[in-house]
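Trainee: I am new to this structure and should like to understand the terms used to describe it. May we go through the reasoning behind some of them?

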Amino acid sequence: MIEFRGVYKQFDDEVVLKDVSFRINPGETKIILGESGSGKSTILKLILGLIRPDSGEILIEGRDISGMTERQLVEIRCGIGMVFQEGALFDSLSVRENVGYRLTEEGQLSESEIEAEVLQQLGFVGLEEAIDKMPAELSGGMKRRVGIARALVGTPKIVLYDEPTAGLDPITKRTIVELMIKLRDTEGVTSIFVTHDLHAASIIATEYVVADKDGHIAFQQGGESLCLLNNNFIMLQNGSICFEGSYQEMMNSEVPYIRTFTS
Amino acid sequence: MENLLTRVLGFPFRFFIKAIFEIQSYTLLASRAIANLFSKPIYWREIILQMDRIGVGSLTIVVLTGFFTGAVLAIQSEGALRRYGAVSMTGQLVALTLIRELGPVLSALMLAGRIGSGIASELGSMVVSEQINAMRSLGTDPTRRLVTPRMIAMVIMLPMLTIICDTVGMIGGWIIASYKLLISSSQYWSDAFNAMQFSDLVGTLSKPLVFGFIISMTGCYVGLRTHGGTEGVGRSTTQAVVSSSILIITADFFLNNLLIYLSPMMNP
């Protein structure tokens with residue numbers, strides 16, 4: 001469970017978040033929309049404890065992280081996977097080392113166990129063949145997928161996505177969104193998807209995964225599936241929440257700012 | 001209160017406050033990097049890698065700098081020494097100038113350009129591409145992983161490079177002394193070694209320790225504070241070289257004074 005209670009954040013003279021309060025229940029997917037500079041990515045950095053709020057409380061699994069030390073935050077971060085906008089892969093490390101980075105740092109598993117986990121996560125994103133490549137040899141879409149694999153190592157309960165589809169072609173974008181849906185519906189993770197791409201957000205809000213007896217998965221649209229009911233939207237305007245509700249409520253809204261996204 | 005003072009005193013006050021904050025942040029980063037030496041994990045692989053990059057990678061420029069500086073010293077000293085009939089003392093002049101001053105300072109300035117800029121641009125690129133944030137989100141302290149190994153590598157390798165620079169510089173001076181000034185090799189080398197005192201050796205080894213610390217910490221500090229995309233990386237790179245160079249020359253002044261003060265205690 002993630003909860004923001006009256007969070008304020010300011011950089012120099014610029015107020016980025018103003019009295020932001022919301023709650024995300026276990027298994028829920030929160031999609032945060034808003035124009036550039038509206039404070040979307042700041043919310044993710046606050047959840048990870050990369051930056052601290054000026055005031056207010058941020059609760060992760062019931063624990064307020066706003067006053068925690070860096071050492072205490074490491075424990076919180078172990079339960080959170082983060083997918084960065086451009087992948088943020090370490091240039092000097094191979095795909096294998098990037099994906100297994102967290103486990104190597106923890107030093108609790110043997111090399112063969114780390115290798116098995118890396119292969120499993122790369123298999124999930126369909127990139128086993130890229131295991132020995134360096135980030136410079138990967139396309140933009142492949143970098144994002146490796147970024148997702150890295151975030152999934154250690155099976156985190158919470159996964160944060162910072163505009164993972166930005167700047168990608170429609171086919172690659174679809175691949176990334178399908179991975180997110182698969183993760184939501186098969187692993188049941190709590191997730192926050194920050195974007196200004198309404199098309200990608202609408203796919204997440206309207207499609208879900210079904211698996212047949214042989215384990216083959218297919219994407220279906222619409223219906224009253226629980227995973228779709230667990231999707232919620234937040235819209236940010238100048239650092240404040242101007243809308244919170246379901247996909248349908250957002251699409252039916254007549255508020256001019258929201259209409260600039262939905263029309 | 002701060003707003004009122006800012007309005008009244010304007011730019012000098014803002015500059016002063018900013019400078020205080022910069023010094024505070026620099027000191028905090030440096031103290032954290034040193035404190036990491038006394039707790040686990042220590043990234044040995046990264047330390048060895050950085051030592052190779054800094055030491056082996058900088059060998060060519062340090063050798064060339066030392067050689068030509070020694071040679072130029074010998075050529076330039078000829079005119080002044082001949083006036084007093086003391087051309088035979090070229091070895092002494094080259095050795096003392098190199099070991100006391102030029103060897104440590106020139107090696108440090110060369111490494112500030114080559115390594116300081118490299119550290120700032122590497123860490124700056126990692127900041128703007130969010131690799132530093134990714135590292136923190138994966139549970140790693142970037143100071144421990146990136147800053148401490150560079151600091152250790154630099155503090156170990158710069159004294160070694162300085163010794164090489166001094167040695168090659170003296171060889172450069174010897175070649176000029178032998179073939180141009182027609183001084184015998186035995187006179188050049190005996191003069192050079194006899195002129196050296198224990199305090200000179202302490203100076204030539206202690207100065208690079210301080211300079212190495214300055215280059216690595218300035219590069220890391222400026223790199224980790226990069227903002228503004230690729231343009232910001234370029235700015236950080238320039239700033240790292242300029243700041244390191246100024247700090248090296250300033251520190252050299254104070255170290256020289258300290259060594260002169262201590263030399264009677266060190267030399268029997």
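Mentor: The following exchange concerns a predicted model and takes up salt bridges, accessibility and a pocket.

Trainee: Why is the contact of Asp54(A) with Lys9(A) called a salt bridge?

Mentor: The closest N and O atoms of Asp54(A) and Lys9(A) are 3.8 Å apart. A salt bridge requires such atoms within 4 Å, so the pair qualifies.

Trainee: What makes Lys9(A) count as buried or exposed?

Mentor: Its relative accessibility is 10%. Buried means under 20%, so Lys9(A) is buried. Asp54(A), at 46%, lies between 20% and 50% and therefore counts as partly exposed.

Trainee: How do you know that Arg225(B) and Glu22(B) form a salt bridge, and which parts does the pair tie together?

Mentor: Their N to O distance is 3.1 Å, which satisfies the limit of 4 Å, so the term applies. Arg225(B) lies in the loop between helices H9 and H10 of chain B and Glu22(B) in helix H2 of chain B, so the pair links parts 203 residues apart in sequence.

Trainee: Where do Arg174(A) and Glu178(A) lie?

Mentor: Both belong to helix H7 of chain A, four residues apart, about one turn of the helix. Their closest N and O atoms are 2.8 Å apart, within 4 Å, and therefore form a salt bridge.

Trainee: Which residues line the second largest pocket?

Mentor: The lining has 32 residues, with Leu93(A) and Arg45(B) among those nearest the centre. It divides into 13 nonpolar, seven polar and twelve charged residues. Arg45(B) counts as charged because Arg belongs to that class.

Note on methods. Residues numbered from 1 in each chain as written. Chains lettered and ligands numbered in written order. Predicted model: local features only at pLDDT ≥ 70, side-chain atom pairs only at ≥ 80, totals over all residues. Heavy atoms only, no water. 1 Å grid on protein atoms, 1.4 Å probe; cavity = no way out; pocket = protein on both sides within 12 Å on 5 of 7 lines; lining within 4 Å. Salt bridge = Lys/Arg side-chain N within 4 Å of Asp/Glu carboxyl O. Buried < 20%, exposed > 50% of the residue type's maximum accessible area, 1.4 Å probe, protein only. Helix = DSSP H or I, 4+ residues; strand = E, 2+ residues; numbered from the N terminus.
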